Amino acid sequence: QVHLEESGGGLVQAGGSLTLSCAASGGIHKTMNWSRQAPGKQRELIATITRNLTTTYADSIKGRFTISRDIAKNTVALRMDNLKPDDTAVYYCSATPIFGATSWGQGIQVTVSS
């Protein structure tokens, strides 16, 4: 059973920054990911990082968010800069194995005020 625990969410003003962190169990995962879901919208995958630290980003956050990973500590972080009200969402950490289903954290709220 993989456990993922997000931390670092909260309320921030537009233009500000937040860093989300996620601690994972279960060993080294193929990829670790950040997704988000705003009210009334589908869940959106926004950032992925592999065990070799290769990253991919969704166009919606590209250039503003940075994903990083510490393999030894089994943690992943998401640095969010220049936040906008449209970034308001529940943010989820997830881990994808080589085989099998992706595991998800419970989610953490990020609210960006104007």
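1. A good place to start is strand β11, residues 108-113, where the side chains alternate. I108, V110 and V112 point to one face and are buried, while Q109, T111 and S113 point to the other face and are not. Please keep in mind as you read that this is a predicted model.

2. Strand β11 has two partners worth a look. With β2 (residues 10-13) the pairing is parallel and runs over 4 bridges; here L11 has T111 of β11 as its bridge partner. With β9 the two strands run antiparallel and are joined by 3 bridges. You can find V90 opposite Q109 of β11, and A89 with V110 as its bridge partner in β11.

3. Now follow β9 itself, residues 89-96. How many of the residues of β9 are buried? The count is 7 of the 8, so β9 is largely enclosed by the rest of the structure. Strand β4 (residues 31-37) pairs with β9 in the antiparallel sense over 7 bridges, and S35 stands opposite Y92 of β9.

4. Strand β9 also pairs with β10 (residues 103-104): the two run antiparallel and are joined by 2 bridges. The bridge partner of A95 in β10 is S103. Between the strands of this β9 and β10 hairpin lie 6 residues, and G100 takes a positive phi near 110 degrees.

5. Where does the disulfide sit? A search of the whole structure turns up 1 disulfide, and this bond joins C22 to C93 with an S to S distance of 2.1 Å. C22 belongs to strand β3 and C93 to strand β9, so to speak two distant parts of the chain, 71 residues apart. The link of C22 and C93 is left-handed, with -85 degrees about the S-S bond. Both C22 and C93 are buried.

6. Strand β3 leads us to a sheet. This is an open sheet of 4 strands, in the order β1-β3-β8-β7, with antiparallel pairing. The edges are taken by β1 (4-7) and β7 (65-70); each has a single partner strand, so one side of each is left without a neighbour in the sheet. On average, neighbouring strands of this sheet are turned by 15 degrees against each other, direction ignored. At the β1 end, β1 and β3 (residues 18-24) pair in the antiparallel sense over 4 bridges, and E5 stands opposite A23 of β3.

7. Next, have a look at I71, in the loop between β7 and β8 (75-80). Is I71 buried, exposed or partly exposed? Its relative accessible area is 29%, and this lies between the 20% below which a residue counts as buried and the 50% above which it counts as exposed; I71 is therefore partly exposed. Not counting residues up to four places away in sequence, I71 touches I28, R51 and L53. H29 is 42 residues from I71 along the chain, yet their C-alpha atoms are separated by 9.1 Å.

8. What lies in the interior? In soluble globular proteins, nonpolar side chains tend to be buried together. Here the largest nonpolar core has 27 residues, and W34, L78, M80 and Y91 are those with the most contacts inside the core. At least two residues of this core come from each of β3, β4, β5 (44-50), β7, β8, β9 and β11.

9. Y91 gives a helpful view of these surroundings. Leaving aside neighbours within four places in sequence, Y91 is in contact with residues including L20, I46, F65, L78 and M80. E6, S35, R36 and G107 are among the contacts of Y91 too, as are I108 and V110; those last two are the buried residues of β11 met at the start.

10. Finally, step back to the whole protein. Its secondary structure comes to 0 helices and 11 strands. The radius of gyration is 13 Å, close to the 13 Å that the globule rule gives for 114 residues, so the protein is as compact as a globular protein of that length. Along its principal axes, the C-alpha trace spans about 40 × 25 × 20 Å. Of the 114 residues, 39% count as buried. Among contacts between residues at least 6 apart in sequence, 51% join residues at least 24 apart.

Note on methods: Residues numbered from 1 in each chain as written. Predicted model: local features only at pLDDT ≥ 70, side-chain atom pairs only at ≥ 80, totals over all residues. Heavy atoms only, no water. Pairing = 2+ DSSP bridges. Axes fitted to C-alpha atoms, helices over the stretch in contact; angles between N-to-C directions. Disulfide = S-S within 2.5 Å. Buried < 20%, exposed > 50% of the residue type's maximum accessible area, 1.4 Å probe, protein only. Contact = heavy atoms within 4.5 Å. Core = buried A, V, L, I, M, F, W, Y, C linked by side-chain atoms within 4.5 Å. Rg over C-alpha atoms; globule rule 2.2 N^0.38 Å.
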